[in-house]
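User: I'd like a close look at one part of this model, with its surroundings explained as you go. Could you take me through it step by step?

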Amino acid sequence: MDMYATFWALVPPIVAIVLALITKEVYSSLFVGILVGALFYSGFGFEGTVTHIVTDGFISVLSDSYNVGILVFLVILGTMVALMNKAGGSQAFGRWASTHIKTRVGAQLATILLGGLIFIDDYFNCLTVGSVMRPVTDKHKISRAKLAYLIDATAAPVCIIAPVSSWAAAVSGFVEGENGFSLFVRAIPYNFYALLTIVMMVAMTLMKFEYGPMAKHEKNAAAGDLFSMKDRKAPVEEEVKEAKGKVIDLLIPIICLIICCVIGMIYTGGFFEGTDFITAFSDCDASVGLAIGSIFGLLLTILLYLVRRVLSFTACMDCLPEGFKALLPAPLILTFAWTLKAMTDSLGAKEFVAEAVKANTGSLMSLMPAVIFLVGCFLAFATGTSWGTFGILIPIVVDAFSATDPSLMIIAISACMAGAVCGDHCSPISDTTIMASAGAQCDHVNHVSTQLPYAITAAAVSFVAYIIAGFVRTVWIALPVAIVLMIAALFVIRSMTAKKAEA
């Protein structure tokens, strides 16, 4: 095959990226990339193209045990989200919090804390935090735009640095030829955008200031207008049916799921056969571990609700298809991204990239994490999907750096994930952004316009941090410098905002 291990091997993902930027639609863009790869592989023969897409593509990736384990985890996760919502645990926690939180700062910190605790999945985060904290933030006159920002900023940014999450499982699935889960864990300290977003939220809450359009929304909220809708209608609150659920109906399932998943992962790493905890965790099979853990978490949740009689057995079973439907986009994106990766692998993309990198290594390679971060931001912003973005970029990064510069590969993988989350965070067509608006019952245009200046601030500091990290190659220097820069930037912005207000 003349195209094997040549530049043509990179054309399928490039086509997918360009189409995604033009159409802002990820499924069809990924499929066209798959089609191009199959055409190249078969020499543009009809039968060979179809066979390669179906047999070596979709069927192959969906029959891979690792991939199936991740899909099982996602389906069960969706079911647990549906169960917890139907049981009324979220509403119960909201009622409890409204009687125990006394200040605006406390209400915002509680929202951040809850978002941080619900790190299993960003969809789950948005759906739960919004319904739980809305009554609390309304009571303390916090604008719906600020609530939407807090929800959005504790969804994907928290999930992408949580080892026990659907995101960790997905990223692990995109890394072939390496221990994907181990790489994910080692990349967490370099995920500057996610970490700095959390630092920024907490710092601004404690510093008690806002800037950009958010400042106006918060000023209006203090005067009693939570929505700042002008001529448009404020969202109509849906009446929540009173459920039997209590706070434990939210907390126990989440705790059970986390514990079961951790036990499942260390089990696959050989912990119960004498391996130490850290080694077992880094050598685990994340796919099998998460699947096992989520199954036991689901069974314990159903048992809890049946014993407490908050849900009937029939109601619990009804949540199975509901949960699957709620999380359907994630398995779809994963399947398409896995298949595109199979096409590029069959064309020898790994071999071509590895040779190209070996021939062109130099001082400029240290700038690659910062460049990759910008590419990830732009692609995720245009397409509205972070999963599709790092599904395309991470395999290329692994191929480029795994054989030549493993330390830079960790930083570059983090840059992929951070850029994908940043672009997704800013994008008005992102499902997480849309769900954060829905969870806060906030006008979507208001949420996007108020969140953008905050996201851009964190992105700018992250970009500088990746330049530093590319040269120093140690998180012990890069991360503290990034945090100091982030806090310094906030003090400068607060000073400028104050001077502008005085003028």
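Is D249 buried or exposed, judged by its relative accessibility? Please start there and work outwards to the helices around it.

Analyst: Happy to. Please keep in mind that this is a predicted model.

D249 counts as buried, because its relative accessibility is 0%. The residue lies in helix α14. Leaving out residues up to four places away in sequence, D249 touches M84, G89, L304, Y305, R308 and V310. For a sense of scale, the C-alpha atoms of D249 and T314 are 18 Å apart, with the two positions 65 residues apart in sequence numbering.

One of those contacts, M84, leads to a helix pair. Helix α4 (residues 65-87) packs with helix α14 (residues 248-268) at an angle of about 165°, and their axes are 10 Å apart. Angles over 145 degrees count as roughly antiparallel, and α4 and α14 are therefore roughly antiparallel to each other. Their crossing is right-handed. On the α4 side the contact involves F73, L77, M80 and M84, which meet D249, L250, P253, I254, L257 and C261 of α14. D249 is thus among the α14 residues that face α4 in this list.

Staying with cysteines for a moment, you may wonder about disulfides. The structure holds zero of them. For C260, the closest cysteine sulfur is that of C256, and at 5.8 Å the two are too far apart for a bond. C260 is buried, with a relative accessible area of 14%. C442 is buried too, at 8% relative accessible area.

C442 brings us along the sequence to another group of helices. Q441 is found in the loop between α23 (431-440) and α24. Most residues other than glycine have a negative phi. Q441, although not a glycine, has a positive phi of about 55°. Q441 is buried, with a relative accessible area of 16%. K141 offers a useful counterpart: its phi is near 55°, again a positive value in a residue other than glycine. K141 sits in the loop between α7 (122-139) and α8. At 41% relative accessibility, however, K141 counts as partly exposed.

The helices named after those two loops, α8 and α24, also pack on one another. The axes of helix α8 (residues 144-153) and helix α24 (residues 444-472) come within 9 Å and cross at roughly 60°. That makes α8 oblique to α24. The crossing is right-handed. The contact is made by A145, A148, Y149 and D152 of α8 together with H447, T450, Q451 and Y454 of α24.

Helix α24 has a further partner in helix α25 (residues 475-502): the two pack at an angle of about 150°, with their axes 9 Å apart. That makes α24 roughly antiparallel to α25. This crossing is right-handed as well. From α24 the residues involved are T457, A458, V461, V464, A465, I468, A469 and V472. They meet I477, A478, V481, A482, L485, M486, A489 and I493 in α25.

F192 connects with this pair. Leaving aside its neighbours within four places in sequence, F192 is in contact with S462, A465, Y466, A469, A478, L479 and A482. Helix α12 covers residues 192-207, and A194 has its place in that helix. A194 counts as buried, at 0% relative accessibility. Apart from residues up to four places away in sequence, A194 touches P157, I160 and I161. Between A194 and K325, which are 131 residues apart in sequence, the C-alpha to C-alpha distance is 28 Å.

Both F192 and I160 come up again in the nonpolar core. In soluble globular proteins, nonpolar side chains tend to be buried together. Here the largest nonpolar core has 155 residues, and those with the most contacts inside it are I160, F192, F390 and I394. Helix α22 (residues 406-426) gives the most to this core, with 14 residues. Another core, of eight residues, lies apart from it; L10, F40, L347 and A349 are among its members.

To return to where you started: D249 is buried at 0% relative accessibility, and in α14 it is one of the residues in contact with α4.

How values were computed:
Residues are numbered from 1 along each chain as its sequence is written. This is a predicted model: local features need pLDDT of at least 70, side-chain atom pairs count only at pLDDT 80 or more; totals for chains, interfaces and linings use all residues. Side-chain values use heavy atoms; hydrogens and water are left out. A nonpolar core is a set of buried Ala, Val, Leu, Ile, Met, Phe, Trp, Tyr and Cys residues joined through side-chain atoms within 4.5 Å. Buried means under 20% relative accessible area, exposed over 50%, partly exposed in between (1.4 Å probe, protein chains only). Helices (H or I, at least four residues) and strands (E, at least two) are DSSP runs, numbered from the N terminus. Contact means heavy atoms within 4.5 Å. A disulfide is a pair of cysteine sulfur atoms within 2.5 Å. Axes are lines fitted to C-alpha atoms, for helices over the stretch in contact, and angles run from 0 to 180 degrees between N-to-C directions. Angles under 35 degrees count as roughly parallel, over 145 as roughly antiparallel, 65 to 115 as roughly perpendicular and the rest as oblique. A crossing is left-handed if the near helix is turned anticlockwise from the far one by less than a right angle, and right-handed if clockwise.
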